[in-house]
Amino acid sequence: MRVTQGTFSFLPDFTDQQIHEQVQYCIDNGWAVSIEYTDDPHPRNTYWEMWGHPMFDNPDAAAVVYELNECRKIYGSYYIRIIAFDSSPGWESIRLSFIVNRPSEEPGFKLSRTEVKGRNIQYSITPYSSDNPQGSRYK
Amino acid sequence: MPDGDKKLDAKARYSAGVLEYKKMGYWEPDYSPKDTDVIALFRITPQDGVDPIEAAAAVAGESSTATWTVVWTDRLTACEKYRAKAYRVDPTPNNPNEYFAYIAYELDLFEPGSIANLTASIIGNVFGFKPLKALRLEDMRLPVAYVKTFQGPATGIVVERERLNCYGRPLLGATVKPKLGLSGRNYGRVVYEALKGGLDFTKDDENINSQPFMHWRDRFLYCMEAVNRASAATGEVKGTYLNVTAGTMEEMYKRAEFAKELGSVIIMIDLVIGYTAIQSMAKWARDNDMILHLHRAGHGTYTRQKTHGVSFRVIAKWMRLAGVDHIHAGTVVGKLEGDPATTKGYYDICREEKNSVSLETGVFFDQDWASLNKVMPVASGGIHAGQMHQLIHYLGEDVVLQFGGGTIGHPQGIAAGATANRVALEAMVYARNAGRDYLAEGPTILAEAAKTCTPLREALDIWKDVTFDYASTDAPDFVPTTSVS
């Protein structure tokens with residue numbers, strides 16, 4: 001399966017040039033761009049690890065692409081995403097978030113059902129990979 | 001000012017008998033509205049021979065303190081304060097029989113935090129008043145002091161996106177069709193296929209409640225099976241608007257509680273449940289971390305005709321106060337009524353921190369929303385993937401695009417229809433961000449994306465000639481003209 005979180009997961013994976021274009025769009029809007037990575041792609045895993053701080057005063061997308069490739073050298077088998085943060089009043093949250101690196105194999109998620117009263121079912125979603133400890137989940 | 005319009009002294013004013021409204025104090029051309037006044041703009045069509053100023057004063061009177069004759073008990077109150085004041089009457093640009101009447105209302109006329117109370121005055125008795133042929137409430141200015149007495153949207157656009165982990169693009173939805181007749185089991189199939197294929201949301205239709213062919217509990221259970229399956233299949237947060245509309249508040253709370261127990265992120269209600277019920281459900285939604293979708297069922301009966309009723313921009317303002325998170329606000333290009341400029345006005349009311357006067361989009365007042373959350377507008381009705389560039393151009397990014405037929409009617413099936421829409425959307429947002437002239441190049445951008453997505457190719461082929469090009473019944477009165485400077 002393919003984890004389709006993020007703004008562009010239904011498009012073919014981006015080249016570095018395409019990533020550069022999207023990052024520059026964010027920078028030109030005044031948003032701070034950051035890089036995050038994880039080996040736990042659960043849909044409600046909000047806090048991926050931060051590859052440094054958001055790049056608040058960086059005018060050039062090339063610096064983000066450079067950092068992304070540095071991140072890939074260590075976490076090339078992880079999910080890596082680019083996030084753009086807008087601090088303007090009334091928003092103060094993320095404006096764009098897209099995956100730029102993913103494991104070569106994505107085993108997907110296990111759906112567990114616990115039957116409770118009244119035909120009700122309680123659901124739980126677990127990444128198959130999370131049976132392994134952090135750091136040894138993807139190749 | 002003609003002599004007859006002059007203010008009377010107290011003795012003449014309060015002598016028993018009938019007096020023109022404009023002489024009773026409901027017409028004050030020199031009045032300058034206070035920052036704390038509620039202001040209403042009405043389009044009035046007086047009966048033949050009725051003076052428009054008298055008609056405006058009558059609207060002010062009948063929507064505040066007046067009755068048809070002089071009453072001495074006025075003098076037991078600070079009656080000049082409580083009288084609404086018509087202070088400006090303008091001819092409309094395009095129809096000599098219609099006038100715009102501006103009326104200011106003292107803040108103390110209204111109970112804090114009650115749409116029911118506000119509307120009982122502003123659109124109460126006055127709409128049946130005989131001296132008027134027709135009356136339409138075009139717009140309102142709500143003072144910050146009054147706005148702050150309302151909860152506002154339970155969740156708001158920003159927190160909704162954070163909960164859904166979905167940024168940078170419009171959300172995608174579909175209404176399950178056929179709207180009536182599916183069993184719970186069959187219904188959940190549509191939900192599963194559409195969400196797995198790439199939509200963020202599916203939706204109950206306005207009239208899906210609890211009928212012989214599918215009772216509400218059964219629908220909720222099958223829908224949540226579908227939502228969770230789709231979430232596991234994609235790694236995304238998914239939702240389905242479970243319509244909790246019912247005959248009583250008790251029943252709606254019961255259904256909402258069950259939706260919460262099942263882990264749904266969103267519930268829905270219909271506009272026809274009434275303003276008080278909507279406010280109650282918004283409070284429940286805030287208390288229970290639930291996104292609240294409003295389907296504007298019934299609004300066309302009073303919003304569509306330009307001379308009589310209530311403009312939808314006013315309904316949108318009331319619903320932002322009342323506290324819904326989603327509201328259907330038009331598509332521009334789809335099958336339902338919606339002039340592009342007027343629709344932009346509705347969207348601005350839902351999404352801006354402050355609205356500025358913009359006559360060309362039908363917004364007559366500056367409006368400060370005083371940090372009330374923003375409402376996510378929903379575009380639904382006769383839209384398809386081939387219009388993606390126009391939809392993003394007209395409606396922007398913070399909107400739910402709902403393709404019902406445009407998903408479920410896909411020749412390769414529901415999941416393929418959903419995928420076509422999602423690919424078209426992402427390709428268009430990508431192109432826009434990359435700096436392309438996506439509106440002009442829209443068809444090319446879609447054709448390029450379709451090269452690696454057969455479902456999109458098929459969607460573009462089957463719906464390429466579908467447009468709904470009819471004259472609007474509710475276009476703005478004012479059009480911008482090119483300046484000569």
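Q: What share of the 139 residues in chain A is buried?
A: In this predicted model, buried residues account for 50% of chain A.

Q: And how much accessible surface does chain A have?
A: About 7200 Å², with 49% of that area belonging to carbon and sulfur atoms.

Q: What are the spans of the C-alpha trace of chain A along its principal axes?
A: About 55 × 40 × 25 Å.

Q: Which secondary structure elements are in chain A, then?
A: Two helices and six strands. Along the sequence, the pattern of chain A reads α-β-β-α-β-β-β-β.

Q: What percentage of chain A contacts with a separation of 6 or more comes from residues 24 or more positions apart?
A: 56% of them.

Q: Charges next. How many positive and negative ones does chain A have, and how far apart are their mean positions?
A: Chain A has 13 positive and 18 negative charges, and the two mean positions lie 13 Å apart.

Q: Back to the strands. Is β4 of chain A mostly covered or mostly open?
A: Mostly covered. β4(A) runs over residues 93-101, and nine of its nine residues are buried.

Q: How does β3 of chain A run relative to β4(A), and how many bridges join them?
A: They run antiparallel, with seven bridges between β3(A), residues 79-86, and β4(A). As one example of the register, R81(A) faces I99(A) across the pair.

Q: What connects β3(A) and β4(A)?
A: The two strands make a hairpin, with six residues between them. In the turn, G90(A) has a positive phi of about 85°.

Q: Where is S87(A)?
A: In the loop between β3 and β4 of chain A.

Q: Buried or exposed, that S87(A)?
A: Exposed, because its relative accessible area is 56%, and the cut-off for exposed is over 50%.

Q: How far is S87(A) from L11(A)?
A: Their C-alpha atoms are separated by 28 Å, and the two residues are 76 apart along the chain.

Q: Switching to chain B. What is the strand order in the open sheet of five strands?
A: The order is β2-β3-β1-β4-β10 in chain B, and the pairing is mixed.

Q: Which strands stand at the edges there, and why?
A: β2(B), residues 85-91, and β10(B), residues 309-310. Each has a single partner strand, so one side of each has no neighbour in the sheet.

Q: In which sense does β10(B) pair with β4(B), parallel or antiparallel?
A: Parallel, over two bridges; β4(B) covers residues 132-141. In that pair R136(B) sits opposite G309(B) of β10(B).

Q: What holds paired strands together in general?
A: Backbone hydrogen bonds, in either the parallel or the antiparallel arrangement.

Q: And helix α2 of chain B, how many of its eleven residues are buried?
A: Ten of the eleven, so α2(B), residues 52-62, is largely enclosed by the rest of the structure. Among the buried ones are P52(B), E54(B), V59(B), G61(B) and E62(B).

Q: What do those buried residues of α2(B) pack against?
A: Four strands of chain B: β1 (38-46), β2, β3 (99-105) and β4.

Q: Last topic, cysteines. How many disulfides over all chains?
A: Zero. For C350(B), which is in no disulfide, the nearest cysteine sulfur is that of C166(B), 18 Å away.

Q: Is C350(B) buried or exposed?
A: Buried, with a relative accessible area of 1%. C79(B) also counts as buried, because its relative accessibility is 9% and the limit is under 20%.

Conventions. Residues are numbered from 1 along each chain as its sequence is written. Chains are lettered from A and ligands numbered from 1 in the order in which they are written. This is a predicted model: local features need pLDDT of at least 70, side-chain atom pairs count only at pLDDT 80 or more; totals for chains, interfaces and linings use all residues. Side-chain values use heavy atoms; hydrogens and water are left out. Buried means under 20% relative accessible area, exposed over 50%, partly exposed in between (1.4 Å probe, protein chains only). Contact means heavy atoms within 4.5 Å. Accessible areas come from the Shrake-Rupley method with a 1.4 Å probe; for residues, only the protein chains shown count as cover. Lys and Arg count as positive and Asp and Glu as negative; His and the chain ends are not counted. The place of a charge is taken as NZ of Lys, CZ of Arg, CG of Asp or CD of Glu. A disulfide is a pair of cysteine sulfur atoms within 2.5 Å. Two strands pair if DSSP finds at least two bridges between them.
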